[in-house]
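Here are some worked exercises on reading salt bridges and helix packing off a model. Have a go at each task before you look at the solution.

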Amino acid sequence: MWIAGLALIGAGEWLRLWSVHHIGAISRTRSDRIGPLIASGPFAWVRNPLYIGNIALWTGFSVTAGLLWLAPMIVLVLACEYHAIVRWEETLLETRLGENYRQYAARVHRWRPWMSADRASSAGTFSWRQTLFSERGTLIAIAGGIVMLYLKRQM
């Protein structure tokens with residue numbers, strides 16, 4: 001279980017890093033401030049890769065901790081929470097970006113990854129230094145969580 005959980009954590013954070021590398025620090029806000037439409041990288045595959053990465057991270061921690069019964073609950077709770085957030089975000093994006101966003105939403109699924117045939121490009125990607133700086137809190141939390149689970153396992 002330890003290895004399977006760490007693999008899920010790693011996959012979730014890898015998806016988050018790839019996503020932040022494309023969307024930048026704007027991903028850290030919960031306001032109505034939006035940047036340009038990003039439709040490259042993981043955003044060409046699925047509209048909400050950061051949330052999918054979060055679900056994988058949390059599920060991975062429950063598996064690493066040996067709490068398999070908790071994994072489906074995490075998926076259900078986060079799916080409900082993110083569904084509500086995504087509905088708000090999509091309304092905002094459609095209002096602000098109009099037809100450009102509607103076309104993107106028509107070709108890229110909200111939750112199910114799928115590479116669309118007509119990939120749109122973005123304004124560019126952020127440097128890996130900026131990406132890691134933006135993601136530093138998550139990386140520190142992951143490292144701390146893994147260390148705590150490891151120490152608990154040694155007791």
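**Exercise 1. An ion pair between a loop and a helix**

Is Glu90 buried or exposed, going by its relative accessibility? Then find its salt-bridge partner and place both residues in the fold.

Solution. This is a predicted model, so treat the values below as computed from it.

Step 1: Glu90 has a relative accessibility of 12%. The cut-off for buried is under 20%, so Glu90 counts as buried.

Step 2: look for a partner. Arg110 forms a salt bridge with Glu90, and the closest N and O atoms are 2.7 Å apart.

Step 3: place the two. Glu90 sits in helix H3 (residues 70-97), while Arg110 is in the loop between helix H4 (99-107) and H5. They are 20 residues apart, and the pair links distant parts of the chain.

Step 4: check the other end. Arg110 has a relative accessible area of 25%, so this residue is partly exposed.

**Exercise 2. A salt bridge inside one helix**

Work out how Arg102 and Glu99 are placed relative to each other in helix H4, and how accessible each residue is.

Solution. Step 1: the side chains of Arg102 and Glu99 meet in a salt bridge, at 3.2 Å from N to O.

Step 2: both belong to helix H4 and are 3 residues apart, so about one helical turn separates them.

Step 3: Arg102 comes out at 36% relative accessibility, which means partly exposed. Glu99, at 44%, is also partly exposed.

**Exercise 3. A salt-bridge network**

Identify the residues networked with Arg16 and say which parts of the chain Glu135 and Arg16 tie together.

Solution. Step 1: start with the pair. Glu135 forms a salt bridge with Arg16, with 2.7 Å between the closest N and O atoms.

Step 2: Glu135 lies in the loop between helix H5 (128-134) and helix H6 (136-154), and Arg16 lies in helix H1 (residues 2-23), so the pair ties together parts that are 119 residues apart in sequence. Both Glu135 and Arg16 are buried.

Step 3: widen the search. Glu13 joins Arg16 and Glu135 in a network of salt bridges. Glu13 is in helix H1 and is buried, with a relative accessible area of 6%.

Step 4: list what Glu13 touches, leaving aside its neighbours within four places in sequence. The contacts are Leu57, Glu135, Thr138, Leu139 and Ile142.

Step 5: for the overall tally, a search of the whole structure gives 6 salt bridges.

**Exercise 4. Two helices packed together**

Classify the crossing of H2 and H3 by direction and by hand, then describe the residues in the contact.

Solution. Step 1: the axes of helix H2 (residues 49-64) and H3 come within 9 Å and cross at roughly 160°.

Step 2: angles over 145 degrees count as roughly antiparallel, so H2 and H3 are roughly antiparallel to each other. Their crossing is right-handed.

Step 3: pick out the contact. H2 contributes residues including Tyr51, Ile55 and Trp58, and H3 contributes residues including Leu70, Ile74, Leu78 and Glu89. The contact of H2 with H3 divides into 11 nonpolar, 3 polar and 1 charged residues.

**Exercise 5. Zooming out**

How many helices and strands does the protein chain have, and what share of its residues is buried?

Solution. Step 1: the secondary structure comes to 6 helices and 0 strands, giving the pattern α-α-α-α-α-α along the sequence.

Step 2: of the 155 residues, 39% count as buried.

Step 3: take contacts between residues at least 6 apart in sequence. Of these, 79% join residues at least 24 apart.

Methods: Residues are numbered from 1 along each chain as its sequence is written. This is a predicted model: local features need pLDDT of at least 70, side-chain atom pairs count only at pLDDT 80 or more; totals for chains, interfaces and linings use all residues. Side-chain values use heavy atoms; hydrogens and water are left out. A salt bridge is a side-chain nitrogen of Lys or Arg within 4 Å of a carboxyl oxygen of Asp or Glu. Helices (H or I, at least four residues) and strands (E, at least two) are DSSP runs, numbered from the N terminus. Buried means under 20% relative accessible area, exposed over 50%, partly exposed in between (1.4 Å probe, protein chains only). Axes are lines fitted to C-alpha atoms, for helices over the stretch in contact, and angles run from 0 to 180 degrees between N-to-C directions. Angles under 35 degrees count as roughly parallel, over 145 as roughly antiparallel, 65 to 115 as roughly perpendicular and the rest as oblique. A crossing is left-handed if the near helix is turned anticlockwise from the far one by less than a right angle, and right-handed if clockwise. Contact means heavy atoms within 4.5 Å. Ala, Val, Leu, Ile, Met, Phe, Trp, Tyr, Cys and Pro count as nonpolar, Asp, Glu, Lys and Arg as charged, and the others, Gly among them, as polar.
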